[in-house]
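User: Got a minute to walk me through this one? I'd like the fold, the chain pairing and the DNA side, in whatever order suits you.

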2 protein chains.
Amino acid sequence: MNMETPETLNFDQRTFITFRLAKLQNALNTQASKLLKRHGNVTLTEWRILIAISVSDMGQMADISRHSGFDKGQVSRGVKSLTKKGLVTSVADDEDARAQVLHVTPDGKAIIDAVLPHMLARTARIERDVGAESMKHFDRVLTLMEDAAKVEF
Amino acid sequence: MNMETPETLNFDQRTFITFRLAKLQNALNTQASKLLKRHGNVTLTEWRILIAISVSDMGQMADISRHSGFDKGQVSRGVKSLTKKGLVTSVADDEDARAQVLHVTPDGKAIIDAVLPHMLARTARIERDVGAESMKHFDRVLTLMEDAAKVEF
DNA sequence: CGCGCACTGTTGACCTGTCAACCGCACGGA
DNA sequence: TCCGTGCGGTTGACAGGTCAACAGTGCGCG
């Protein structure tokens, strides 16, 4: 860690990996958002929650929250807007008065069916450009960095 | 790339790379923010802008904005709070009445000196955990994905 | 010269994501 | 049974990032 040499020009590469990540993540989000707006008229958040509900159908918000890592408040708001759009239903659970049972409506399914192919094509395209091999590697590194992010400084 | 199998359970891995990125990026940011608060009492945004100013000393906001990829509005606000903290100065440019010339004050330098070692230790730690080899690979993949993020769908 | 155009920087509006406070309910132990 | 603790969900507050509108200035071209 040569504190003498002018680190100035190394900053971008050395201390800003996270910054690059942020940019990339944002670019990908923008791309996805456009896709979603064009093909399904839903926001990225709505889409993610919609998918999460679809995966664990008849689940409740806490399930979604835990499984997807979303903030429960965010899920609550997302579900609200999704129900307003008629894409999911949210009814009180018979067995637990606190819980809401979530269900994707036919309209919701329709949007998923309409959007999913494009979404898959997109990720396929990314995988193709990057290469399956590198993709696995990337995944592994992500895991390592996730762990590294937990260390205290 | 089996498009047949019930995709439902593959979502997390297949369509949510970006989501994972978001999580990782956020975890890293949280880590960095804590570090910054502890050792220099600056926010992550302030830190990034401070560094950017330090790199291109005597530059103007537009330089920072272009070079770092920050929104110019964000830079403007960041500079404002940094000047309020006395870490940078922002004076009108003699040669261009539109521009502000930015300069890191001794206090700003002091904070950089205080924080930078920890910051470097952190990235070094990450690099160590991940491995230099994988890090390079990771970098390459990032570039590829940045390109992939530009494609329209 | 004078005009349009591009650029600098400021500000306001908006969206996302996070955190915390809160209410109602479930559940287990005293 | 009753009470404490903890969970499910809602809501408000806040920070960060993006976009757009704007005023002021520089610059080049007719």
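**Chain A, its partner and the DNA**

Analyst: In chain A, 44% of the contacts with a separation of 6 or more are between residues 24 or more positions apart. Keep in mind that this is a predicted model.

User: Okay, and how many helices and strands does chain A have?

Analyst: Seven helices and two strands. Reading from the N terminus, the order in chain A is α-α-α-α-α-β-β-α-α.

User: How much of chain A counts as buried?

Analyst: 30% of its 153 residues. One helix that is mostly covered is α3(A), with nine of its twelve residues buried.

User: Which ones are buried in α3(A)?

Analyst: The buried stretch takes in A:Glu46, A:Trp47, A:Arg48, A:Ile49, A:Leu50, A:Ile51, A:Ala52, A:Ile53 and A:Ser54.

User: And what's the span of α3(A), end to end?

Analyst: From its first C-alpha to its last, α3(A) reaches 16 Å, close to the 16 Å expected at 1.5 Å a residue.

User: Moving on to the core. Which residues touch the most other members of the largest nonpolar core?

Analyst: That would be A:Leu50 and B:Leu50, in a core of 72 residues. As background, nonpolar side chains tend to be buried together in soluble globular proteins.

User: What does A:Leu50 touch, leaving out residues up to four places away in sequence?

Analyst: A:Leu50 touches A:Val42, A:Leu82, A:Leu87, A:Val88, A:Val104, A:Gly108 and A:Ile112.

User: New topic: the two chains. What turn lays chain A on chain B?

Analyst: A turn of 179 degrees with a shift of 0.0 Å along the axis, and the RMSD is 0.1 Å. The two copies are therefore related as by a two-fold rotation axis.

User: Which C-alpha of chain A is nearest the axis?

Analyst: The one of A:Phe138, 3.0 Å from the axis. The same surface serves both copies, too: 100% of the contact residues of chain A recur in chain B.

User: How many residues does each chain put into the contact?

Analyst: Chain A brings 47 residues and chain B brings 48 residues. On the chain A side, α1 (11-14), α2 (17-39), α3 (44-55), α6 (106-130) and α7 (132-148) each supply at least two residues.

User: Which element gives the most there?

Analyst: α2(A), with 15 residues. By type, the side of chain A that touches chain B divides into 27 nonpolar, eleven polar and nine charged residues.

User: Let's do the DNA. Which residues come nearest to strand D?

Analyst: Of the 21 residues around DNA strand D, the nearest are A:Met61, A:Gly73, A:Ser76, B:Gly73 and B:Ala97. Both chains provide elements with two or more residues there: α4 (61-68) and α5 (72-84) from chain A, α3 (44-55) and α5 (72-84) from chain B.

User: Which element gives the most near strand D?

Analyst: α5(A), with five residues. The surface near DNA strand D divides into six nonpolar, nine polar and six charged residues.

User: And what surrounds strand C?

Analyst: 20 residues, and the closest are A:Gly73, B:Met61, B:Ala62, B:Gly73 and B:Ser76. The elements giving two or more residues are α5 of chain A plus α4 (61-68) and α5 of chain B. Here α5(B) gives the most, with five residues.

User: What's the split by residue type near strand C?

Analyst: Five nonpolar, nine polar and six charged.

User: Backbone check: what is the phi of A:Asn41?

Analyst: It is near 55 degrees, a positive value in a residue other than glycine. A:Asn41 sits in the loop between α2 and α3 of chain A.

User: Is A:Asn41 buried or exposed?

Analyst: A:Asn41 is exposed, because 12 other C-beta atoms lie within 10 Å and the cut-off for exposed is 12 or fewer.

User: What about B:Asn41, what's its phi?

Analyst: Phi of B:Asn41 is positive as well, about 55 degrees, although B:Asn41 is not a glycine. B:Asn41 lies in the loop between α2 (17-39) and α3 of chain B, and is exposed, with 12 other C-beta atoms within 10 Å.

User: Last one: where is B:Arg140?

Analyst: In helix α7 of chain B, residues 132-148. B:Arg140 counts as partly exposed, with 15 C-beta neighbours inside 10 Å. Its C-alpha is separated by 36 Å from that of B:Gln100, 40 residues apart along the chain.

Conventions. Residues are numbered from 1 along each chain as its sequence is written. Chains are lettered from A and ligands numbered from 1 in the order in which they are written. This is a predicted model: local features need pLDDT of at least 70, side-chain atom pairs count only at pLDDT 80 or more; totals for chains, interfaces and linings use all residues. Copies are superposed by least squares on the C-alpha atoms of residues with pLDDT of at least 70 in both. Two residues are in contact if their C-beta atoms, placed from the backbone, lie within 7 Å. A residue is near a molecule or strand if its C-beta atom, placed from the backbone, lies within 6 Å of it. Helices (H or I, at least four residues) and strands (E, at least two) are DSSP runs, numbered from the N terminus. Ala, Val, Leu, Ile, Met, Phe, Trp, Tyr, Cys and Pro count as nonpolar, Asp, Glu, Lys and Arg as charged, and the others, Gly among them, as polar. A residue is buried if 20 or more other C-beta atoms lie within 10 Å of its own, exposed if 12 or fewer, and partly exposed in between; C-beta atoms are placed from the backbone. The expected span of a helix is 1.5 Å times one less than its number of residues. A nonpolar core is a set of buried Ala, Val, Leu, Ile, Met, Phe, Trp, Tyr and Cys residues joined through C-beta atoms within 7 Å.
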